[in-house]
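This report goes through the aromatic pairs, the enclosed and open spaces, and the surroundings of one histidine. Please keep the sequence and the coordinates at hand while reading.

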Amino acid sequence: MVQAWYMDTDESLNCREPCKPENTVYVPQEELYEKSGVEYFPIDAATYDTNPDYTAIKKKKGITYEDTIEVSRTTFPNYEEKIKIFFKEHIHADEEIRFIEAGSGYFDVRDCDDKWIRIQVVKDDLIVLPAGIYHRFTPDTADYIKAKRLFAGDPVWTPIDRPGADDHSVRKDYLNRMAAGSS
Ligand code: KMT
Ligand code: NI
């Protein structure tokens, strides 16, 4: 996590650009956690498999599955359509855990006041989006990111789009955890 900030609310901006407003308000890691429940861990991508922190995170999260996703114009023939899908606001029934091995991009998450916080991810970032959080992803203008996808159990990547997801029990559970101050 190089930086996180409150995004410009002008929807006509190019989402692949940083979308920082004139007086950008940055969000430090602890505040990001308090306002969204998003967790972040720095892990050296060159040595992750022998890093005890990485092993401990996997154990705590019950990770039994991992694969690698490489988002680029060459690896995704239908690149433009695919990145539009990633950028649709959605939730999942499970945590979305990504460990960035190379490249960069933006995860946008709604904070507890429904405002977009943009999280810039780069190599060596491990990020955990809680189940039920509204979010979206976009590559930046460099058009390249390679990440590990970690999952507890058989992977389910299904997005549940807004507004339908508002009534989903996973969404309600997330809001209850946030209200109780324990994501
Ligand atoms: C997702 O689910 O949005 C992705 O896997 C995006 C690419 S990983 C940074
Ligand atoms: Ni998602």
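Trp-5 has a relative accessibility of 1% and counts as buried, because that value lies under the 20% limit for burial. The model in which this value was computed is a predicted one.

**Aromatic pairs**

The count of aromatic pairs comes to 10. In one of them, Trp-5 meets Tyr-26 in an edge-to-face arrangement, with 6.4 Å from centre to centre and 70° between the planes. This pair links distant parts of the chain, since Trp-5 belongs to strand 1 (residues 3–6) while Tyr-26 sits in the loop between strand 1 and helix 1 (29–36), 21 residues apart. Tyr-26, at 39% relative accessibility, counts as partly exposed.

Another edge-to-face pair is formed by Phe-151 and Trp-157, whose ring centres are 5.5 Å apart and whose planes make an angle of 80°. Within this pair Phe-151 is buried, with a relative accessible area of 5%, whereas Trp-157 counts as partly exposed at 28% relative accessibility. Elsewhere, ring pairs join Phe-76, Phe-86, Phe-107 and Phe-137 into a cluster.

**Cavity and pockets**

A search of the whole structure finds one cavity of 30 Å³ or more, and the volume of the largest cavity is about 50 Å³. Its lining consists of His-92, Asp-94, Glu-95, Glu-96, Arg-98, Phe-151, Val-156 and Trp-157, so that both rings of the edge-to-face pair of Phe-151 and Trp-157 belong to residues that border this space. The spaces are set side by side below, with their linings divided by residue class.

| Space | Volume | Lining by class |
|---|---|---|
| Largest pocket | about 360 Å³ | 11 nonpolar, three polar, five charged |
| Second largest pocket | about 220 Å³ | seven nonpolar, one polar, five charged |
| Largest cavity | about 50 Å³ | three nonpolar, one polar, four charged |

The largest pocket, with about 360 Å³ of space, is lined by 19 residues, of which Ile-69, Phe-86, Glu-96, Arg-98 and Arg-149 are the closest to its centre. At least two lining residues each are supplied by strand 3 (65–72), helix 3 (79–86), strand 5 (96–110), strand 8 (135–139) and strand 9 (144–151), and the largest share, four residues, comes from strand 5. Glu-96 and Arg-98, which are among the residues closest to the centre of this pocket, also line the largest cavity.

The second largest pocket has 13 lining residues, and those nearest its centre are Met-7, Asp-8, Thr-9, Glu-11 and Trp-116.

**His-135 and its surroundings**

Is His-135, a residue of strand 8, buried or exposed? With a relative accessible area of 2%, His-135 is buried, because this value is under 20%. Its side chain makes a polar contact of 2.8 Å with the side chain of Glu-96, and a polar contact of 3.2 Å joins the side chains of His-135 and His-92. Both partners, His-92 and Glu-96, appear in the lining of the largest cavity.

Leaving aside residues up to four places away in sequence, His-135 touches Lys-88, Glu-89, His-90, Ile-91, His-92, Glu-96, Asp-108, Val-109, Trp-116 and Leu-129. One of these contacts, Trp-116, is also listed among the residues nearest the centre of the second largest pocket, and another, Glu-96, is listed among those closest to the centre of the largest pocket.

Definitions and conventions. Residues are numbered from 1 along each chain as its sequence is written. Chains are lettered from A and ligands numbered from 1 in the order in which they are written. Side-chain values use heavy atoms; hydrogens and water are left out. On a 1 Å grid over the protein atoms alone, a cavity is a set of points where a 1.4 Å probe fits but cannot get out, and a pocket is an open set with protein on both sides within 12 Å along at least five of seven lines; lining residues have an atom within 4 Å of a point. Grid points are joined across faces, edges and corners, and a volume is the space filled by probe spheres set on the points. Ala, Val, Leu, Ile, Met, Phe, Trp, Tyr, Cys and Pro count as nonpolar, Asp, Glu, Lys and Arg as charged, and the others, Gly among them, as polar. Buried means under 20% relative accessible area, exposed over 50%, partly exposed in between (1.4 Å probe, protein chains only). A polar contact is a pair of N or O atoms within 3.5 Å; within protein, one must be able to donate a hydrogen and the other to accept it, and residues adjacent in sequence count only if both atoms are side-chain atoms. Contact means heavy atoms within 4.5 Å. Rings of Phe, Tyr and Trp (its six-membered ring) pair if their centres lie within 6.5 Å; planes under 30 degrees apart count as stacked, over 60 as edge-to-face and the rest as tilted.
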